[in-house]
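Visitor: Please take me on a close look at one part: the ligand and what surrounds it. I would like to follow the contacts outward from there, one step at a time.

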Amino acid sequence: MEKFKGIFPALLTPFDENNRFNEKALEQLMEMNLKKGVRGFYVGGSTGEAFLLSESERKQLYRSAAQIANGRCTLIAHIGAISTDQAAEFGRTALECGYDAISSVSPFYYGFTFPEIKQYYFDLVGQVELPMIVYNIPKYSGVTLSADNIGEFLSDDRFIGVKHTSNDYFAMEQFKSAYPDKVVFNGFDEMFLAGLAMGADGGIGSTYNFMAEKFVKMHTLVKEGRLSEAQPIQKEVNRIIAALIKVGVLKAEKAILKMMGIDCGALRKPFGQLSKEEESYVYETVKNLF
Ligand code: SI3
């Protein structure tokens with residue numbers, strides 16, 4: 001499990017000026033983060049605009065990220081889709097590309113029952129021979145997985161962990177205590193230290209794309225028992241995240257990377273873009289990072 005413990009940027013998906021997947025920018029983004037000591041990458045998740053990509057683009061993204069990583073880090077493919085068959089197809093691509101694990105949000109939109117959601121995950125681990133990390137993200141999926149629900153997955157060997165993008169830290173503590181050998185990723189970057197305190201082994205986050213070094217440092221300090229030294233870093237990143245939340249997190253992240261010399265293009269429509277005023281506000285907030 002060691003290879004899953006640490007900091008995993010939830011990779012943004014870069015596009016070029018024609019709105020096509022930009023492999024060169026992906027390489028720049030991954031190389032910058034590898035130098036900062038990340039443990040690996042979460043590919044094609046919410047931050048990666050998974051549901052705004054075509055099927056072939058998603059497969060290309062998995063392939064490109066694997067080629068760029070070239071065995072230097074741990075790779076987790078987010079394969080979530082509303083359709084079980086579609087998700088399994090993405091899972092098979094991840095397997096062919098040599099990913100270390102797959103992960104999925106709960107199927108959403110139709111208000112599936114928990115037994116249906118459970119069957120979705122068990123179909124996936126039955127069809128794709130890779131360990132599964134359940135992705136609990138009520139904010140976007142509309143599905144809240146309780147500690148008991150999560151236990152129904154973690155009691156099976158094929159489920160190795162949970163990515164918990166929820167501020168229900170009591171639930172996190174409950175499933176981590178019940179299954180201490182499973183790996184738990186904190187999802188909300190602005191509550192990273194809270195997650196570590198409640199048992200998370202690391203984190204998967206969007207703001208790691210441009211400030212992974214802060215999370216690598218906090219993670220190291222906490223492992224060394226130096227929580228009080230990590231707290232000012234969490235405060236510092238939260239000042240930035242608060243500004244991002246005001247203007248739109250993903251839009252701001254792409255804008256910041258451009259300021260850092262990695263042009264990831266715009267978000268896919270219907271997402272809009274930052275106004276000039278918002279861009280200046282973001283620049284003023286993060287300029288000390290450059
Ligand atoms: O799958 C993913 O892209 C993620 O890991 C998402 C990640 O958990 C982000 N959560 C949401 C709801 O977008 C966070 O990193 C989030 O952007 C950050 O904490 C700011 O709120």
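**From the ligand outward**

Guide: Let's start with Glu 190, where a polar side-chain atom lies 2.5 Å from an oxygen atom of the ligand. Please keep in mind as we go that this is a predicted model. Asp 189 also takes part, but through its backbone: one of its polar backbone atoms is 2.8 Å from a ligand oxygen. Thr 165 brings in its side chain, with a polar atom 3.1 Å from an oxygen atom of the ligand. As for how much of the ligand is covered, it exposes 490 Å² when taken alone, and the protein buries 97% of that. There are 18 residues around the ligand, and the ones that come nearest are Thr 47, Tyr 135, Lys 163, Glu 190 and Ser 206.

Thr 47 is a handy place to step outward, as it is among the residues that Thr 13 touches. You will find Thr 13 in the loop between β1 (7-9) and α1 (23-35). Its relative accessibility is 2%, so Thr 13 counts as buried. The side chain of Thr 13 reaches the backbone oxygen of Gly 48 at a distance of 2.7 Å. Leaving aside residues up to four places away in sequence, the contacts of Thr 13 also include Phe 21, Glu 49, Leu 53, Leu 61, Lys 254 and Cys 264.

Glu 49, from that list of contacts, deserves a pause. Its phi is positive, about 55°, although Glu 49 is not a glycine. Glu 49 sits in the loop between β2 (40-43) and α2 (55-69). With a relative accessible area of only 3%, against a limit of 20% for the term, Glu 49 is buried.

The next helix along, α2, leads us to a charged pair. Side chains of opposite charge can pair when their charged atoms come close. A search of the whole structure finds 17 salt bridges. In one of them, the side chains of Arg 268 and Glu 57 meet at 2.8 Å, N to O. Glu 57 belongs to helix α2 while Arg 268 lies in the loop between α11 and α12, so this pair ties together parts that are 211 residues apart in sequence. Both partners, Arg 268 and Glu 57, are buried.

While you are looking at that loop, turn to the peptide bond between Lys 269 and Pro 270: it is cis, with omega about 15°. Pro 270 is placed in the loop between α11 (249-259) and α12 (276-286).

Another salt bridge is formed by Lys 176 and Asp 201, with the closest N and O atoms 2.9 Å apart. Lys 176 is in helix α7 (residues 169-178) and Asp 201 in the loop between α8 (192-197) and β8 (202-205), so here the pair ties together parts that are 25 residues apart in sequence. Lys 176 has a relative accessibility of 12% and counts as buried. Asp 201 is buried too, at 13%.

For a pair in a more open setting, try Arg 226 and Glu 229, whose side chains meet in a salt bridge of 2.9 Å, N to O. Arg 226 is partly exposed, with a relative accessible area of 32%, and Glu 229 is likewise partly exposed, at 40%. Elsewhere, Glu 55, Lys 59, Glu 89 and Arg 92 are joined into one network by salt bridges that share partners.

Our last stop is at the surface. Tyr 109 resembles Glu 49 in one respect: it has a positive phi without being a glycine, in this case about 75°. Tyr 109 lies in the loop between β4 (101-105) and α4 (114-127). Unlike buried Glu 49, Tyr 109 counts as exposed, at 67% relative accessibility. Together with Ile 82 and Tyr 110, Tyr 109 makes a nonpolar surface patch of about 400 Å².

To retrace the walk, we began at the ligand, 97% of whose exposed area the protein buries. From there, Thr 47 led us to Thr 13 and on to Glu 49. Charged pairs came next, including Arg 268 with Glu 57 and Lys 176 with Asp 201, and we ended at exposed Tyr 109.

Technical notes
Residues are numbered from 1 along each chain as its sequence is written. This is a predicted model: local features need pLDDT of at least 70, side-chain atom pairs count only at pLDDT 80 or more; totals for chains, interfaces and linings use all residues. Side-chain values use heavy atoms; hydrogens and water are left out. Helices (H or I, at least four residues) and strands (E, at least two) are DSSP runs, numbered from the N terminus. Buried means under 20% relative accessible area, exposed over 50%, partly exposed in between (1.4 Å probe, protein chains only). Patches are made of residues with over 30% relative accessible area and no salt bridge: like charges are joined within 9 Å, nonpolar side chains (Val, Leu, Ile, Met, Phe, Trp, Tyr) within 5 Å. Accessible areas come from the Shrake-Rupley method with a 1.4 Å probe; for residues, only the protein chains shown count as cover. A salt bridge is a side-chain nitrogen of Lys or Arg within 4 Å of a carboxyl oxygen of Asp or Glu. A residue is near a molecule or strand if one of its heavy atoms lies within 4 Å of it. A polar contact is a pair of N or O atoms within 3.5 Å; within protein, one must be able to donate a hydrogen and the other to accept it, and residues adjacent in sequence count only if both atoms are side-chain atoms. Contact means heavy atoms within 4.5 Å.
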